[in-house]
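Q: Please take me on a close look at one part of this protein: the place where aromatic rings meet. Show me what lies around that spot too, and keep it brisk.

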Amino acid sequence: MPGPPPWDIDRIAAADLLNLLRGAREEEWLGLATEALSRHRRQANEWAAKRVHRAAIDALEAGSSREFHRHDAIWADGFRAAEQCLCQSTPAQLLGMGPPEPVSQGQVLRGLIRAARAARTTKAEA
């Protein structure tokens with residue numbers, strides 16, 4: 001069963017990746033593809049976060065005009081505080097898109113060993 005059709009942004013990312021790989025040696029492909037896909041993921045996340053951030057602010061603004069007259073001053077103060085908190089946050093802050101946690105060499109090696117063991121187990125079962 002095919003998935004949903006790709007978006008234009010996916011085609012642009014694929015074309016960028018192909019252009020990047022076209023001029024590179026084969027041994028560079030993995031690193032280049034990793035960087036390109038990472039860049040595409042970050043850009044897609046930022047785009048989505050901006051849309052959600054804007055939609056949330058719009059929903060709060062629309063809700064305030066409908067709800068303020070139905071509630072008391074304490075509720076309205078809380079609503080305004082939530083609205084202010086959201087408006088002062090950036091989409092990147094909402095995503096928590098800081099740099100990844102540092103990984104030690106030991107953690108990397110343990111991950112490689114676990115992956116190798118899992119691959120060996122899968123081969124043995126097949």
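A: In this predicted model, the count of aromatic pairs comes to 2. One pair joins Trp7 and Trp47, with ring centres 6.0 Å apart. Centres must lie within 6.5 Å to pair, so this distance qualifies. Next, look at the angle. The planes of the two rings stand at 80°. Over 60 degrees counts as edge-to-face, so that is the label for Trp7 and Trp47.

Now trace the chain between them. Trp7 sits in the segment before α1, which covers residues 8-22. Trp47 sits in helix α2, and that helix runs over residues 29-67. The two partners are 40 residues apart, so the pair links distant parts of the chain.

Are these rings buried or exposed? Trp7 has a relative accessible area of 53%. The line for exposed is over 50%, so Trp7 counts as exposed. Trp47 has 44%. That value falls between 20% and 50%, so Trp47 is partly exposed.

Both rings also belong to a nonpolar patch on the surface. The patch is made of Trp7, Ile9, Ile12 and Trp47. Together these residues offer about 450 Å² of accessible area. Each patch member must have over 30% relative accessible area, and Trp47 with its 44% therefore meets that condition. Trp7, at 53%, meets that cut-off as well.

Two patch members lead us onward. Ile9 and Ile12 also appear in the lining of the largest pocket. About 170 Å³ of space lies in that pocket. Rolling a probe the size of a water molecule over the atoms shows where empty space is left. Which residues line the largest pocket? The list starts with Ile9, Asp10, Ile12, Ala13, Ala14, Asp16 and Leu17. It goes on with Ala36, Leu37, Arg39, His40 and Gln43. The elements that give two or more residues to this lining are α1 and α2. Helix α1 supplies the largest share, with 7 residues.

Pick out two lining residues, Ala14 and Leu37. Ala14 lies in helix α1. Its relative accessibility is 37%, which makes Ala14 partly exposed. Along the sequence, Ala14 and Leu37 are 23 residues apart. In space, their C-alpha atoms are 9.0 Å apart.

Now compare that with another pair. Ala81 and Ser104 are also 23 residues apart in sequence. Their C-alpha atoms, however, are 41 Å apart. Ala81 lies in helix α3, residues 73-88, and at 43% relative accessibility it counts as partly exposed. One further pair adds to the picture. Phe68 and Gln93 are 25 residues apart along the chain, and 28 Å separates their C-alpha atoms. Phe68 lies in the loop between α2 and α3. At 24% relative accessibility, Phe68 is partly exposed.

Return to helix α1, this time for charges. Side chains of opposite charge can pair when their charged atoms come close. Arg11 forms a salt bridge with Asp8, and the closest N and O atoms are 3.3 Å apart. The cut-off is within 4 Å, so 3.3 Å passes. Both residues lie in helix α1, 3 residues apart, or about one turn of the helix. Arg11 is partly exposed, with a relative accessible area of 47%. Asp8 reaches 57% and counts as exposed.

How many salt bridges does the whole structure hold? The search finds 5. Among them is the bridge between Glu27 and Arg25, with closest N and O atoms 2.7 Å apart. Glu27 counts as exposed, at 59% relative accessibility.

Helix α2, the home of Trp47, has a bridge too. Arg54 forms a salt bridge with Asp58, with closest N and O atoms 2.8 Å apart. These residues are 4 residues apart in helix α2, so about one helical turn separates them. Arg54 is partly exposed at 41%. Asp58 is partly exposed at 37%. Elsewhere, salt bridges that share partners join Arg25, Glu27 and Glu28 into one network.

Finally, go back to the rings. Trp7 and Trp47 pair edge-to-face. They share a nonpolar surface patch with Ile9 and Ile12, and those two isoleucines also line the largest pocket.

Key:
Residues numbered from 1 in each chain as written. Predicted model: local features only at pLDDT ≥ 70, side-chain atom pairs only at ≥ 80, totals over all residues. Heavy atoms only, no water. Patch = residues over 30% accessible without salt bridge, like charges linked within 9 Å, V, L, I, M, F, W, Y side chains within 5 Å. Areas by Shrake-Rupley, 256 points an atom, 1.4 Å probe, with all protein chains shown as cover. Salt bridge = Lys/Arg side-chain N within 4 Å of Asp/Glu carboxyl O. Buried < 20%, exposed > 50% of the residue type's maximum accessible area, 1.4 Å probe, protein only. Phe/Tyr/Trp six-rings, centres within 6.5 Å; stacked < 30°, edge-to-face > 60°. 1 Å grid on protein atoms, 1.4 Å probe; cavity = no way out; pocket = protein on both sides within 12 Å on 5 of 7 lines; lining within 4 Å. Points joined across faces, edges and corners; volume = space filled by probe spheres on them.
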